[in-house]
Amino acid sequence: MKSITMVFSFCLMLGLNSCNQGFKKLDESKTDDKKIQIAKNFAINFYAKLKNGSYYEFKDEATDKIKNFLSEEKQKSGYKSIKEQFGDFQSLEYAETWIQNSDSSIYIIRFKSDFDKSSKKLEIRVILNQSDKINGFWIKPWSDMLM
Amino acid sequence: MESKLLFNPFTRIAGVKSLIIGLIALFIISLLGYKTGTHFYGFYIVPAKDSDFWIYLVENLSNWVFISVFLFIAGLIFSKSKIRAIDIFGTTLLSMIPLIIVPIVRLIPALQTFAAQSFAMFVFIIVSLIAVIWTISLLFNAYKVSCNLKNEKLIVSFIISLVFALVGTQMFLTLIIYKF
């Protein structure tokens, strides 16, 4: 019994030491509807264009880093690989918002999305900077653990 | 005596009785898994509220069927005793009951969504490990009692069967079920 308690205490200490309180999930009452709408419109338009065989033309809604990175070629090849694995984009719904503890002006907005060849939802994540410009955007299998 | 029952209840409960109790438990685990978003991908526990109820149910059913089938085949090959499929399938199902701890713990709001490297993640991993280790030790005893095996034959055939079963389950889920 004594040894079990010691092992448990060690694990608890290890856990506490390895904690990184870098992100915080916002309560529903503290989320910003305007930011969620910006992120949602962007994600829907982005995938709707690619689904129709076209590509998303950025204006001033995103940072230069994102605009340069998501070229026409990258968008199309990225969507092709998603389509092969999960099918065509169907819809998305807002899930939750996180902020960084060190910089609360950066919003991480998570959506759950449906693709027609997948029985599981995928995460579409949009990151907005302090000027509400898209500064991060990606898609991955949904996890309740923010990674 | 009571602690022995926690790891080897199969001298008291086996056959149809264990099958009925196990089926009820499996349904409850799947329901709680759906409510909390706890997938059992083999023994790899994934926190993701991302599917309909039937996916969680099929995951648990396929875990049970694959493990039972492989243990049954191993028993037929290595045991000299007469083996009853109902014993293997029933006791294997009963062995999976400790997995219920994970979705129960995930009913706590702090464990529903959490950041990587957080204290909640640490708690989730520890609880998952306890549930999986307990389940594996129950499976081992279920196999031992149902097939009347001993020593190296028991250990080696159990490990190999379990590895094949878990790989088989994950392939079945990834290649067929998740594509629906």
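Two strands count as paired when DSSP finds at least two bridges between them. By that yardstick, β3(A) and strand β4 (residues 122–128) of chain A make an antiparallel pair, held over 7 bridges. The model is a predicted one, and the account below starts with the sheet of chain A before turning to the helices of chain B.

The sheet in chain A is open and has 5 strands, in the order β1-β2-β3-β4-β5, with antiparallel pairing. At its edges sit β1 (23–25) and β5 (134–141) of chain A, each of which pairs on one side only. From one strand to the next, the twist averages 30°.

Strand β3 (residues 107–115) of chain A is mostly covered, with 8 of its 9 residues buried. On one side, β3(A) pairs with strand β2 (residues 89–100) of chain A, again in the antiparallel sense and over 9 bridges. Ser91(A) finds its bridge partner here in Asp114(A) of β3(A), and a hairpin of 6 residues takes the chain from β2(A) to β3(A). As for the pairing with β4(A), Tyr107(A) has Leu128(A) as its bridge partner in that strand. These two strands, β3(A) and β4(A), also form a hairpin, and 6 residues lie between them.

Further along, β4(A) and β5(A) are antiparallel partners over 7 bridges. One of the bridges puts Ile127(A) opposite Gly136(A) in β5(A). Helix α2 (residues 33–51) of chain A packs on the sheet, where it touches β2, β3, β4 and β5 of chain A, and its direction makes about 145° with that of β2(A). Helix α4 (residues 72–86) of chain A lies across β2, β3, β4 and β5 of chain A too, running at about 50° to β3(A).

Over in chain B, the story is about helices and what they bury. The largest nonpolar core has 34 residues, and those touching the most other members are Phe43(B), Ile67(B), Leu99(B), Val102(B), Tyr143(B) and Leu162(B). Two or more residues each come from α2 (15–36), α3 (53–78), α4 (85–95), α6 (119–147) and α7 (151–175) of chain B. The top contributor is α6(B), which gives 9 residues to this core. Apart from it lies another core, of 28 residues, with Ala43(A), Ile66(A), Phe115(A) and Ile134(A) among them.

Tyr143(B) is worth a second look. Leaving aside residues up to four places away in sequence, Tyr143(B) touches Leu71(B), Ala74(B), Gly75(B), Asn148(B), Leu149(B), Leu154(B), Ser157(B) and Phe158(B).

The pairing of α6(B) with α7(B) comes in at an angle of about 125°, with the axes 11 Å apart, which makes α6(B) oblique to α7(B). The crossing is right-handed. On the α6(B) side the contact is made by Ile136(B), Leu139(B), Phe140(B), Tyr143(B) and Lys144(B), and on the α7(B) side by Leu154(B), Ile155(B), Ser157(B), Phe158(B) and Leu162(B).

Then there are α2(B) and α3(B), which pack at an angle of about 140° with their axes 8 Å apart. These two helices are therefore oblique to each other, and their crossing is right-handed. Leu19(B), Leu23(B), Leu26(B), Phe27(B), Ile29(B), Ser30(B), Leu31(B), Gly33(B) and Tyr34(B) of α2(B) meet Phe53(B), Tyr56(B), Leu57(B), Asn60(B), Leu61(B) and Trp64(B) of α3(B).

Key: Residues are numbered from 1 along each chain as its sequence is written. Chains are lettered from A and ligands numbered from 1 in the order in which they are written. This is a predicted model: local features need pLDDT of at least 70, side-chain atom pairs count only at pLDDT 80 or more; totals for chains, interfaces and linings use all residues. Side-chain values use heavy atoms; hydrogens and water are left out. Buried means under 20% relative accessible area, exposed over 50%, partly exposed in between (1.4 Å probe, protein chains only). Helices (H or I, at least four residues) and strands (E, at least two) are DSSP runs, numbered from the N terminus. A nonpolar core is a set of buried Ala, Val, Leu, Ile, Met, Phe, Trp, Tyr and Cys residues joined through side-chain atoms within 4.5 Å. Contact means heavy atoms within 4.5 Å. Axes are lines fitted to C-alpha atoms, for helices over the stretch in contact, and angles run from 0 to 180 degrees between N-to-C directions. Angles under 35 degrees count as roughly parallel, over 145 as roughly antiparallel, 65 to 115 as roughly perpendicular and the rest as oblique. A crossing is left-handed if the near helix is turned anticlockwise from the far one by less than a right angle, and right-handed if clockwise.
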